[in-house]
Amino acid sequence: MSIEVPKHIAIIMDGNGRWAKKRGLPRTLGHREGAKTLQKILRYAGKIGIQYLTVYAFSTENWNRSEEEVSALMKLFSKYMKKEEKNLMRNNVRFLVSGRKDKVSESLLKEIKALEEKTSQNTGITFHIAFNYGGRAEIVDAVNRLLQEKKESISEEDISSCLYQKLPDPELIIRTSGEFRISNFLLWQLAYAEIYVTDTLWPDFGERDLDLALENFQKRERRFGGVYEK
């Protein structure tokens with residue numbers, strides 16, 4: 001791309017289930033196709049100069065889905081990490097995961113930690129997955145951590161320093177499948193992010209779709225509470 005890209009984008013990868021349903025397929029196959037799309041978008045994002053890519057893979061509310069679907073998602077995440085390890089290293093990608101550890105199996109937590117450690121010295125794009133994640137939960141966990149430090153008062157900087165990861169706030173959030181909701185995603189970090197919604201279902205989201213989102217972002221006037229004057 002010739003246009004300047006934001007440093008950090010976040011994506012709510014929505015529509016895997018609907019993509020599968022439209023084709024008469026099980027929801028789990030939709031998630032598999034979504035994982036393939038993620039591989040492509042991560043590579044393209046790194047290629048065009050995006051420094052941080054955060055994706056919403058599994059929320060704290062997703063445990064309410066069927067046991068079969070949750071189990072399939074856990075297995076898919078494990079398989080994805082094993083399959084992508086060589087590509088992450090080859091493409092100099094740093095891998096991070098944020099979210100609560102409760103309910104997640106010890107074996108999966110070990111796999112996550114191992115991949116984070118293996119890629120920790122990589123200096124290319126940071127690939128950040130929100131997994132067993134909730135924006136409210138993250139803020140609650142940050143405040144509880146500060147309370148343990150017995151602070152008499154809490155500032156915005158204090159809370160920011162206690163979030164799961166110390167990353168710059170996303171400038172752009174993309175949501176696929178046409179839904180106009182934040183869905184408990186990065187509630188603190190998205191305070192001034194530009195929102196872009198596309199009707200495209202996540203498995204169908206490609207490089208051109210990302211280009212369109214970035215082109216739209218470039219047309220925005222980001223005022224951060226100020227007044228725009230021509």
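**Close-up 1. Where helix 3 meets helix 4.** On the helix 3 side, Met74, Phe77, Ser78, Met81, Lys82, Glu85, Leu88 and Met89 touch Leu108, Glu111, Ile112, Leu115 and Lys118 of helix 4. Sorted by class, this contact has 8 nonpolar residues, 1 polar and 4 charged. As in the other views, what you see here is a predicted model. Helix 3 covers residues 67-90 and helix 4 residues 106-118; their axes sit 11 Å apart, at an angle of about 15°. Angles under 35 degrees count as roughly parallel, so that is how helix 3 and helix 4 run relative to each other. Their crossing is left-handed.

**Close-up 2. Where helix 2 meets helix 3.** Here is another face-off involving helix 3, this time with helix 2: the two axes come within 10 Å and cross at roughly 25°. That angle makes this pair roughly parallel too, and the crossing of helix 2 and helix 3 is right-handed. From helix 2, look for Arg27, Thr28, His31, Arg32, Ala35, Leu38, Gln39, Leu42 and Arg43; they meet Glu69, Ala72, Leu73, Leu76, Tyr80, Lys83, Glu84, Asn87 and Leu88 of helix 3. The tally for this contact is 8 nonpolar, 4 polar and 6 charged residues.

**Close-up 3. The largest pocket.** Zooming in on the largest pocket, we find a volume of about 690 Å³. Its lining takes in 31 residues, and those nearest the centre are Met13, Asn16, His31, Tyr56 and Ala57. Two or more lining residues come from each of helix 1 (16-22), helix 2 (27-47), strand 2 (52-59), helix 3 and strand 4 (126-133). Helix 2 supplies the largest share, 5 residues. One of the residues to spot is His31, which lies by the pocket centre and also takes part in the contact of helix 2 with helix 3. The lining as a whole breaks down into 14 nonpolar, 8 polar and 9 charged residues.

**Close-up 4. The second largest pocket.** This one holds about 330 Å³ of space. Of the 14 residues around it, Val97, Lys101, Leu109, Ile112 and Glu116 are nearest the centre. Strand 3 (94-98), helix 4 and strand 4 each give two or more residues to the lining, with helix 4 giving the most, at 5 residues. Ile112 of helix 4 turns up in two views: it is part of the contact with helix 3 and sits among the residues nearest the centre of this pocket. By class, the lining has 6 nonpolar, 3 polar and 5 charged residues.

How values were computed: Residues are numbered from 1 along each chain as its sequence is written. This is a predicted model: local features need pLDDT of at least 70, side-chain atom pairs count only at pLDDT 80 or more; totals for chains, interfaces and linings use all residues. Side-chain values use heavy atoms; hydrogens and water are left out. Axes are lines fitted to C-alpha atoms, for helices over the stretch in contact, and angles run from 0 to 180 degrees between N-to-C directions. Angles under 35 degrees count as roughly parallel, over 145 as roughly antiparallel, 65 to 115 as roughly perpendicular and the rest as oblique. A crossing is left-handed if the near helix is turned anticlockwise from the far one by less than a right angle, and right-handed if clockwise. Contact means heavy atoms within 4.5 Å. Ala, Val, Leu, Ile, Met, Phe, Trp, Tyr, Cys and Pro count as nonpolar, Asp, Glu, Lys and Arg as charged, and the others, Gly among them, as polar. On a 1 Å grid over the protein atoms alone, a cavity is a set of points where a 1.4 Å probe fits but cannot get out, and a pocket is an open set with protein on both sides within 12 Å along at least five of seven lines; lining residues have an atom within 4 Å of a point. Grid points are joined across faces, edges and corners, and a volume is the space filled by probe spheres set on the points.
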